[in-house]
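Q: Could you take a close look at one pocket in this structure, working outward from its lining to the residues and elements connected with it? I would like one connected account rather than a list.

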Amino acid sequence: MDATALAAAIATGQTTACAVMDASLAACRAQAGLGAVVHLDEDMARAGAEAADAAPAERRGPFHGLPFLVKDLGGVAQGLPAAAGSAALRARRHVPAEDSHLLRDLRGLGLIPFGLTATPAFGLSLTCEPDGLPPARNPWNPALTPGGSSGGAATAVAAGMVAIAHATDAAGSIRVPAACCGLTGLKPSRGGVPGGPDFTNHLMGIASELVLARSVRDVDTAYQAVAQPGPVVHLPGLPRVALALPDRCAPDICKAAQDAADALRDAGCAVHEIAAPDQIGAEAQDISRTILSVSLAEWMAALDVPDNEIPPLAAAMVREGRAVDGATLFAASRQLASLSDRARTLFQSADAILMPVLAAPPLPVGTLDLMGTDPGAHFAALEGFAPNAALANVAGLPALALPYGMSAGMPVGLQLIGPPGADSALLRLGAMIEQRAPTLTFPFPIAGLPA
């Protein structure tokens, strides 16, 4: 039961885009307490659905007529007031006059943007408490976080408000919410998907964007529609897989990764264990922190937002970013290039790496909020929750998160990491795991999907 199935129901006349949109709007209202949606435009929703039902068959994409929520950070959708989870930016109310290139291409699939999902201010956490708004909560257990920074998107999909939603990832922000909520999400290779026309989420190449969904095939459809021309890495039909288990991961999470490795062995893949890439992961975390702080300082200066209008942790990062001189930033860019080159050695004896996304189950809501003033302590806590999450971002590697079983009533999320350009190959490998994974029964059905 996924976006592909819902689109098929519309295509075969079992339902209509208008009926699905009405169900999606009703679900957003009924589940408002989960904090997933921070802006809803019902006029935009209904106009888009009516246009979808009137469109001729030759203009219908694979996700034709599906409601679509856009993350309040990253690629923008025309007419939806982006604020990056910040009360200060929300008050300034910037309404984009056009889609980003990514949203344009996703709209070409037949998706209908109609609202914005929650994110922590400026995407600075792996939980999801927007500045000045209620926190996003996990549909599997509302006391727990859905992850971040794409937490609102993950909540919306796991709760069935929509079947698929936009998400971004600069240091784990697609993969962590996927792991917390039992979803699938791909952090594409550097440059693998559009970033224009303004490149507001460029972040020196560490950020990328795509979707969160309930199946590998949904993510694959979205990726194939937006993928940029570039080198493509083809993996063997039965690739060599290296299992990497960070020491600090909880035993049940390690067990899920080992079970997935066994499933790949049963499918015919050669699987061996390697040491977790903790050293290079720690370096990646430091590089990402420098880039994020400098970017935030530049962003707030460009918008003339004073420190006292943003959360304390964000203000501390702005001060940190202002203190970075040109030589230090250039050194960080060189370190990024060096780390990207060294990361390729991870694939000398393996075609892909399998590892957990999280070290522990989803945290209680509010655990990693932005009320502290010590960026070092905050980033250490992020690394403790999601070990080596920034590695794929800084090295430009594709990383696919997908669920594998349950622990204590919550989904367990794993990730496959491959060399640059291996996005499609990872999706095929992910489908092999998905076919052999324990079935998840989501707490909510997808709104509008016929029984």
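## A pocket and its surroundings

A: Strand S10, residues 399-407, contributes three residues to the lining of the second largest pocket, and this is the largest share of that lining. The model is a predicted one, and the values that follow are computed from it. The second largest pocket holds about 370 Å³ of space. Its lining counts 17 residues, and those that lie nearest the centre are Arg-214, Glu-434, Thr-439, Leu-440 and Phe-442. Sorted by class, the lining of this pocket is made up of nine nonpolar, five polar and three charged residues.

Two of the residues nearest the centre of the pocket, Arg-214 and Phe-442, are also related to each other directly, for the charged end of Arg-214 sits over the ring of Phe-442 at 4.1 Å from the ring centre. Phe-442 has an aromatic partner as well, and it is useful to place that pair beside its counterpart elsewhere, since the structure holds two aromatic pairs. In one of them, the ring centres of Phe-122 and Trp-299 lie 5.3 Å apart and the planes meet at 75°, so this pair is edge-to-face. These two residues are 177 residues apart and link distant parts of the chain, with Phe-122 in the loop between strand S3 (112-117) and helix H6 (151-158) and Trp-299 in helix H10. Phe-122 counts as buried because its relative accessibility is 7%, whereas Trp-299, at 26%, counts as partly exposed. In the pair that involves the pocket residue, the ring centres of Trp-140 and Phe-442 are 5.5 Å apart and the planes stand at 50°, so the pair is tilted. It, too, links distant parts of the chain, 302 residues apart, with Trp-140 in the loop between S3 and H6 and Phe-442 in the segment after helix H15 (423-436). Trp-140 and Phe-442 are both buried.

The loop between S3 and H6, which holds Trp-140, also holds Ser-149, and the peptide bond that leads from Gly-148 to Ser-149 is cis, with omega near 5°. Most peptide bonds are trans, and most residues other than glycine have a negative phi. Helix H6 follows on from this loop, and eight of its eight residues are buried, so H6 is largely enclosed by the rest of the structure. Those buried residues are Gly-151, Gly-152, Ala-153, Ala-154, Thr-155, Ala-156, Val-157 and Ala-158, and they pack against strand S2 (67-71), S3, strand S4 (164-169), helix H7 (175-181) and strand S6 (208-213). After H6 comes Gly-160, with a positive phi near 75°.

Strand S6, one of the packing partners of H6, is preceded by further backbone features of the kind just described. In the loop between strand S5 (184-187) and S6 lies Pro-197, which is joined to Gly-196 by a cis peptide bond with omega about 0°. Phe-199 belongs to the loop between S5 and S6 as well, and its phi is near 55°, a positive value in a residue other than glycine. Phe-199 counts as partly exposed because its relative accessibility is 49%.

Finally, the open pocket may be set beside the enclosed space in the model. The structure holds one cavity of 30 Å³ or more, and about 90 Å³ of space lies in the largest cavity. Residues that line this cavity include Ala-179, Asp-252, Ile-253, Leu-358, Ser-407 and Met-410. Helix H9 (251-267) and strand S11 (410-417) are the elements that give two or more residues to the cavity lining, and S11, with four residues, gives the most. By class, the cavity lining has nine nonpolar, two polar and one charged residues. Taken together, the path from the pocket leads through Phe-442, one of the residues nearest the pocket centre, to its tilted partner Trp-140, and from the loop that holds Trp-140 to the buried helix H6.

Methods:
Residues numbered from 1 in each chain as written. Predicted model: local features only at pLDDT ≥ 70, side-chain atom pairs only at ≥ 80, totals over all residues. Heavy atoms only, no water. Phe/Tyr/Trp six-rings, centres within 6.5 Å; stacked < 30°, edge-to-face > 60°. Buried < 20%, exposed > 50% of the residue type's maximum accessible area, 1.4 Å probe, protein only. Lys NZ or Arg CZ within 6 Å of the ring centre and 35° of its normal. 1 Å grid on protein atoms, 1.4 Å probe; cavity = no way out; pocket = protein on both sides within 12 Å on 5 of 7 lines; lining within 4 Å. Points joined across faces, edges and corners; volume = space filled by probe spheres on them. Nonpolar A, V, L, I, M, F, W, Y, C, P; charged D, E, K, R; others polar. Contact = heavy atoms within 4.5 Å.
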